[in-house]
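Please take a friendly walk through the protein chain shown here. Where would you begin if you had never seen this fold before?

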Amino acid sequence: MAGYMTSNGIVVRQGDSFDILLHLRDSRSKDVDLSGCVLRMTVKDQEKNKVMFTAEGEILDAGKGKAVIALTPKNTDIEVGDYVCDIELKFANGAVHTIYPQQVGKVGVFKITEQVTR
């Protein structure tokens, strides 16, 4: 709940849960069949080239292209700051597509903001 997503940025409050809800459609606006797909998000510290966390997604409705990546405090309880991220979708036939950020050639930004209550 304590976050939001744009076309190439995700902002989450430190230590909070946040569900990234996805509805995937092709270029003709038809739902992408996610049967047998694996969805994975990676967040890295760009300066140190260190993986901060990876999170697997859950397919909610394969036929309608709906999935979620549920971030937990275990994922978001990292140092306040800006990181880089992407989300990849691997199909059953082995094809891999980076679905986030939406713009090819852009780097996804994953921003952790400060919290008060600990």
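## A pair of facing residues and their sheet

Asp 19 stands opposite Ala 70, a residue of β7. The strands behind this match are β3 and β7 (residues 66-71), which pair in the antiparallel sense over six bridges. Strands are DSSP runs of E with at least two residues, helices are runs of H or I with at least four, and both are numbered from the N terminus. Two strands pair if DSSP finds at least two bridges between them.

These two strands belong to an open sheet of three strands, in the order β3-β7-β6, with antiparallel pairing. β3 (18-23) and β6 (58-61) stand at the edges with a single partner strand each, so one side of each has no neighbour in the sheet. From one strand to the next, the twist averages 30°; the axes are lines fitted to C-alpha atoms (for helices over the stretch in contact), with angles from 0 to 180 degrees between N-to-C directions.

## How to read this model

This is a predicted model, in which local features need pLDDT of at least 70 and side-chain atom pairs count only at pLDDT 80 or more, while totals for chains, interfaces and linings use all residues. Residues are numbered from 1 along each chain as its sequence is written, and side-chain values use heavy atoms, leaving out hydrogens and water.

## The chain as a whole

The protein chain has one helix and ten strands. Read from the N terminus, the elements follow the pattern β-β-β-β-β-β-β-α-β-β-β. Near the start, strand β1 (residues 3-6) is joined to β2 by four bridges, and the two run antiparallel. A hairpin of two residues connects β1 to β2, and Thr 6 stands opposite Gly 9 in β2.

Along its principal axes, the C-alpha trace spans about 45 × 25 × 20 Å. A compact globule of 118 residues would have a radius of gyration near 13 Å, and the 14 Å of the protein chain agrees with this. That radius is taken over C-alpha atoms, and the globule rule is 2.2 Å times the number of residues to the power 0.38. Among contacts (heavy atoms within 4.5 Å) between residues at least 6 apart in sequence, 63% join residues at least 24 apart.

## Inside the protein

Of the 118 residues, 32% count as buried. Buried means under 20% relative accessible area, exposed means over 50%, and partly exposed lies in between (1.4 Å probe, protein chains only). In soluble globular proteins, nonpolar side chains tend to be buried together.

The largest nonpolar core has 25 residues, and Ile 10, Ile 20, Met 41, Ile 69, Leu 71 and Phe 110 touch the most other members. At least two residues of this core come from each of β2 (9-13), β3, β4 (38-45), β5 (50-56), β7, β8 (81-90) and β10 (108-113). The largest share, four residues, is supplied by β8. A nonpolar core is a set of buried Ala, Val, Leu, Ile, Met, Phe, Trp, Tyr and Cys residues joined through side-chain atoms within 4.5 Å. What does Ile 20 touch, not counting residues up to four places away in sequence? Its contacts are Met 5, Ile 10, Met 41, Ala 67, Val 68, Ile 69 and Leu 71.

## Two rings and a buried Asn

There is one aromatic pair. Rings of Phe, Tyr and Trp (its six-membered ring) pair if their centres lie within 6.5 Å; planes under 30 degrees apart are stacked, over 60 edge-to-face, and the rest tilted. Phe 53 and Phe 110 are edge-to-face, 5.6 Å centre to centre with 75° between the planes. The pair links distant parts of the chain, with Phe 53 in strand β5 and Phe 110 in strand β10, 57 residues apart. Phe 53 is buried at a relative accessible area of 7%, and Phe 110 is buried at 0%.

Asn 75 sits in helix α1 (residues 73-76) and counts as buried, with 10% relative accessibility. Leaving out residues up to four places away in sequence, Asn 75 touches Phe 53, Thr 54 and Ala 70.

## Backbone details in the loops

A cis peptide bond joins Tyr 100 and Pro 101, with omega about 10°. Pro 101 lies in the loop between β9 (96-100) and β10.

Ser 29 is not a glycine, yet has a positive phi of about 65°. Ser 29 is found in the loop between β3 and β4 and counts as exposed, at 55% relative accessibility. Asn 49, in the loop between β4 and β5, has a positive phi near 50°. Asn 49 counts as exposed at 55% relative accessibility.
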